[in-house]
Each structure stands twice: as C-alpha cells, then as structure tokens.
Amino acid sequence: MTRNQKIKLYLFMFLFSASIVFAIMFPRLTLPFGFAYIIYLMCKPFTIKLTTGSRRQRLIYFSLMMTGIVFLCFPLFATLYNVDTDFSQFSNQLPEIQKMLQDKFFAYKVMVFEKFGIRLNLDPVNFLMAKLESQGTIFLSHFPDFISTIFEWLLLVPLFLYFFFMESRRFSRNFLEAVPNPIFEKSYVLFSQFNTKFGEYIIAKFIEATILGTLVTLGLFLIGFPYPFILGFIAGVTNILPYIGPVIGVIPAIFVGMLSKDPNVTVLSMLVIYALANLIDMILVFPLLVSKIVNLHPILVVVSIIIGSQLGGIVGMIVIIPFIAFFKLLFKEIYKDLSVHL
Amino acid sequence: MSYEKEMMDKLGRGESTGDRLDIPILKYLWDASPLSFMAKESYHEFFKKITFLNSFSDNEVRLFTKYLHRREFMTNETIFKQGDSGYGFYFIFNGAVNIYANYNNQPEEQGDFIIRLEKRQYFGEMGLLEEFNRRSATIVAAENTILLGLFKPDLDLMLETHPVLGAKFLRETALIMANRMGQLTREIVGLKKKVKELEQRV
C-alpha cells in the first residue's frame, strides 16, 4: 500500500469512528434516525416493486407514508384505547389487590410463626406499593419530557424516512465513493448483506409478534381472562426476544391469574392458551419466517440477548440479533481471507 | 428497441410520453449526443463501443450505467489480489491494468505477468456469478486508471428493479463465459496433443 493510500484509509477510518462517536453523543437525533432507517429497510422490498419504472416516485413515497401512518396508527390507537381501559381497571383494583396481598402475607406470617416460632418483621407489600408510588411520581415528573420526545419523533421519523426513500441511493453512492479502494468491495457487499438481513429480520419479527399477540388476545378473550388486550400486547412485544421473550410475556398473566377472585379464571387455562400460541409460533411461524434469515446457535442467541440488554436495554435486546448475525458473517469473511493469505 | 424509437412509437400511437421534463434523461441525451462538444467520453459512448453490450438499447445503456460504481486507481495500485473473495465485474473506463498469476501459491509474490488489459476491456465476471469466488489472478493498475464496477448487490437490485435488463446482462455475461470456456477447451486439447507428441518422442 502506498503512503497516499494509507493516509486515505486512516482518514476514512478516523471520520467513520468520529461519526459513530457523534451518533452516541446525540441520541435524540440518532434514535429517530435509526428508527426511520429500520422502517425504511422494512419497506424497501415493497417500495422497489412499487416505484420500478415510475417517474412519480415522490408522489408514491408520499402516498405510501400517508397510508402507512393511517393503517399503523389506527390499530395502534384502537389497541391503546383498550390497553388504557384495561390499565384504568387495573388501577381501580389496585387498593383491593393491596389489601388482598396484605391479608395473604399476614396469613403466611402467622403460619411461619406457628410452625417455626419465627416472627417476620418484613412488610414487602407496603414496600412494593411505596416503590410503585415513587416510580409513578418519577414517571409523572418526566411526563412532559416524554410527551416532547414523542412529538419530536413524530416530526423527525417521517422526515428522515422521506429522506431515506428519496435520497438513500444517492447518499450511499456518495458515501461509497469515499471508501478507500482496498476495503471497498468487501465493505460494500457486507453492508448490503447486513441491510438485507436486518430488514428481513425486523419485518419477520414484527409479523411473528403480531400473530402471537393476536392469538394470545383471542384465546384469553374467549376464556374470559381479565385484561386480554394488555396481556396480548405484552406477549406480542416480549415475543420479539427469542427464547426469553415467551417466558417474560407469561409472567404478568400469571400474576393477574393468581390475584383474580373470579372462580372462572384459572391460571391453568391461561397457561394452555400461552402454550398453544407459542407452539403455533414455534412449529409454523418461526420456521417459515425467521429461522432462515438468522442462522445462529440458540446459546449464542441467549448470550447475545443478555449482552444487548446490558448495552441498550430493550431496544438493544431486539437489534443485537441481526448485528450478531452480521458479525458472524464478517468474521467468517475475515477468517476465509486470512486462511488464503497466511 | 432504442429509446428514441420507443418514444416515436408512443407518439405514433397517440400515447403520452410523460407529462413533465425528465432532467436526468435530458442530461443523459445531451452527454450521449455525438455532436456534444464535451471532450470527455460519456458512459453512453463508452458502453456503445463495448462489443458485448451491443444488444443494449440506448435506454438500457442509460439504466445500466446507474448501477455502476466509478473507482479510481493510481499507477501500481493493486485492484485485487489472487485468492481474495471476488464480488465484482470491472470495465476499464480509462487507463490500463496488468494481470499477474502466481503458480507457486506464495502469497507474498505478485506472480508472473500474464496480460495487459486496456480501455474498454473487462475482467472479474466470475466474481459476479459465482457464490463463493476466489480471484484467480492479481490485477494491478498499469497507469492511473478509472474502472466502472458492477457488484453482486447491484446485480441483485438490477434483477429486481429492471429484470429484462438484468437478464440481458446475464445472457451477455454467460456468452463471454461460454466463449472463454470454448477457448480453454481448445487450449487444453492443444496442450494434450503436445503432451502426447512429447510422450511419443520420449
């Protein structure tokens, strides 16, 4: 490599690292940008088909975005309304639940004293309620920030999305022109593969979560279990996490089932519903939609989720899988090259 | 069918040719015009002189150029090394390249000089077609060179967005491969003949 080429390569590496640091320093800009990029990758296969051969791309993209907003927001608001109803019901029942928990814990304390002669001085129920109250206060104090963030995202995400639809090709070409020759071919192909895999994975998980959430909601609704919408919503969202997600998703339902005084509500029937929904997911939905896209070992998936949660919370847990699949691909390529050249 | 003929046919049938000016097409036609005073050779002119793209219409050449990447190499800069993973097909837009092959499998060696490729010639088509391609030779820029590269993701996109163009390009590439296979077979037959003659002499 000549001196000029080396300078070019180091300069590119420096600028690339600097842009990553910039992205980390300004999450208010980076997060909606990333979210818009994920939506863009999800829509890309459809937009290519729609815009091919058309000279009215601007109009198509605008109509597509408007249709997307209406079709996505309507069910979201409808679900949120039901979730809100379920949540208000739950809030109204909270004092009752607190009293019941206190009674149950008192009975348990008596039982321990009678059997072992140990006097328990703990009061976990009041501790839990105090914690809930303090967390609620914190949430309320941050509520204006939360609302302003939502409005910021409502403005920025469609803006970035429109930019991705209209300019992404030109932008990526300009960026690729700056990539130094020695790393161009490989980085371009790997970047394209990552984009395709990432888009396919997100779309597949979105469909999978929707199917599972709908199945759980329907099942719970049919057996008359309380809060079917909120529990179905939680089951769908947690299902995005492989292996761990279904287990986390069932915990709120177990609590609701245990606390319910309704004799018709049984934890067993609820568990059957969850098991059936997850079985359908495991046998039909997952093999057809997801497994071919991300071919990773189950242990690697679980370890990745733990690392993802440490790095970026829930979002980190979701997006870490395609990243790991990409790194696997990258290491494979580097290893192949090393084995040839060494 | 050329773009001009397509438009004339549309006008002849009374169909609309598009109700607004398409600036990129106008710019392209301006660049492609043989009366253009611009000294620089346009992509259109360049590809029109490449024999294997002869069957492409003007509009197809215009679309094809949209998928290409312009890469500039300095004299003696390595374009790729023997054994590297291959993903792309290159046209020499300007300059020349030297091809070297290393028969001893010594990675640090550049290898023996095989051939020099000049403007309008191409190389690397196997990288575009094979799933796991390894470059069979090292290519070095013999002078300051501009290459136009088409890579696997571009071909995938081309097949998705302009399937006819993609199929046409693949057919032409298959023809190049078939020609090279034929040439190779003839060379092998010739070599075998020579080996036989040498064996008989011995």
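**Entry 1. Helices H8 and H9 of chain A**

I looked up how helix H8 (residues 244-259) and helix H9 (residues 267-289) of chain A lie against each other in this predicted model. Their axes come within 10 Å and cross at roughly 160°. An angle over 145 degrees counts as roughly antiparallel, so I noted H8(A) and H9(A) as roughly antiparallel to each other. I also noted that the crossing is right-handed.

Next I listed the residues that make the contact. H8(A) brings A:Pro246, A:Val250, A:Ala253, A:Ile254, A:Gly257 and A:Met258. From H9(A) come A:Val267, A:Met270, A:Tyr274 and A:Asn278. By class, I have eight nonpolar residues, two polar ones and no charged ones in the contact of H8(A) with H9(A).

**Entry 2. Helices H7 and H8 of chain A**

I then turned to the pair formed by helix H7 (residues 228-238) of chain A and H8(A). For this pair I wrote down axes that come within 7 Å and a crossing angle of roughly 160°. H7(A) and H8(A) are therefore roughly antiparallel to each other. The crossing of H7(A) past H8(A) is right-handed.

On the H7(A) side, the contact is made by A:Leu231, A:Ile234, A:Ala235 and A:Thr238. On the H8(A) side, I found A:Gly245, A:Ile248, A:Gly249, A:Pro252, A:Ala253 and A:Val256. I sorted the residues of this contact by class and got seven nonpolar, three polar and no charged. A:Ala253 appears in the contact of H8(A) with H9(A), and I met A:Ala253 again in the contact of H7(A) with H8(A).

**Entry 3. Chain A as a whole**

What is chain A built from? I counted ten helices and zero strands. Read along the sequence, the pattern is α-α-α-α-α-α-α-α-α-α. Chain A has 342 residues, and 20% of them count as buried. I also checked contacts in chain A between residues at least 6 apart in sequence; 69% of these join residues at least 24 apart.

**Entry 4. Chain B as a whole**

For chain B, I recorded seven helices and ten strands. Of its 202 residues, 23% are buried. Among contacts in chain B between residues at least 6 apart in sequence, I found that 73% join residues at least 24 apart.

I looked up the confidence of chain B as well. Its mean pLDDT is 83, and 86% of its residues reach 70 or more. I keep one caution in the margin: where pLDDT is low, the predicted coordinates should not be read in detail.

**Entry 5. B:Phe123**

Is B:Phe123 buried or exposed? I found 21 other C-beta atoms within 10 Å of B:Phe123. The cut-off for a buried residue is 20 or more, so B:Phe123 is buried. Its place is in strand S7 (residues 122-123) of chain B.

Leaving out residues up to four places away in sequence, I noted that B:Phe123 touches B:Tyr90, B:Leu117 and B:Ile139. I also looked up B:Phe123 against B:Gly149: the two are 26 residues apart in sequence and 9.7 Å apart in space, C-alpha to C-alpha.

**Entry 6. Two positive phi values in chain B**

I went looking for unusual backbone angles. Most residues other than glycine have a negative phi.

B:Asn76 is not a glycine, yet I read a positive phi of about 70° for it. I located B:Asn76 in the loop between strand S1 (69-73) and strand S2 (78-80) of chain B. B:Asn76 has 11 other C-beta atoms within 10 Å and is exposed.

For B:Arg120, another residue other than glycine, phi is near 75° and positive. This residue sits in the loop between strand S6 (112-117) and S7 of chain B. With 14 other C-beta atoms within 10 Å, B:Arg120 is partly exposed.

**Entry 7. Where the two chains meet**

How many residues does each chain give to the contact? I noted 18 residues from chain A and 19 residues from chain B. On the chain A side, helix H6 (181-222) and helix H10 (298-341) each supply at least two residues. H6(A) gives the most to that side, with seven residues. I sorted the chain A side by class: six nonpolar, six polar and six charged residues.

Last, I copied down the predictor's scores for the complex, which are an ipTM of 0.73 and a pTM of 0.69.

Technical notes: Residues numbered from 1 in each chain as written. Chains lettered and ligands numbered in written order. Predicted model: local features only at pLDDT ≥ 70, side-chain atom pairs only at ≥ 80, totals over all residues. pLDDT = per-residue confidence, 0-100. Contact = placed C-beta atoms within 7 Å. Helix = DSSP H or I, 4+ residues; strand = E, 2+ residues; numbered from the N terminus. Nonpolar A, V, L, I, M, F, W, Y, C, P; charged D, E, K, R; others polar. Buried ≥ 20, exposed ≤ 12 C-beta atoms within 10 Å, placed from the backbone. Axes fitted to C-alpha atoms, helices over the stretch in contact; angles between N-to-C directions. Parallel < 35°, antiparallel > 145°, perpendicular 65-115°, else oblique. Left-handed = near helix turned anticlockwise from the far one by under 90°.
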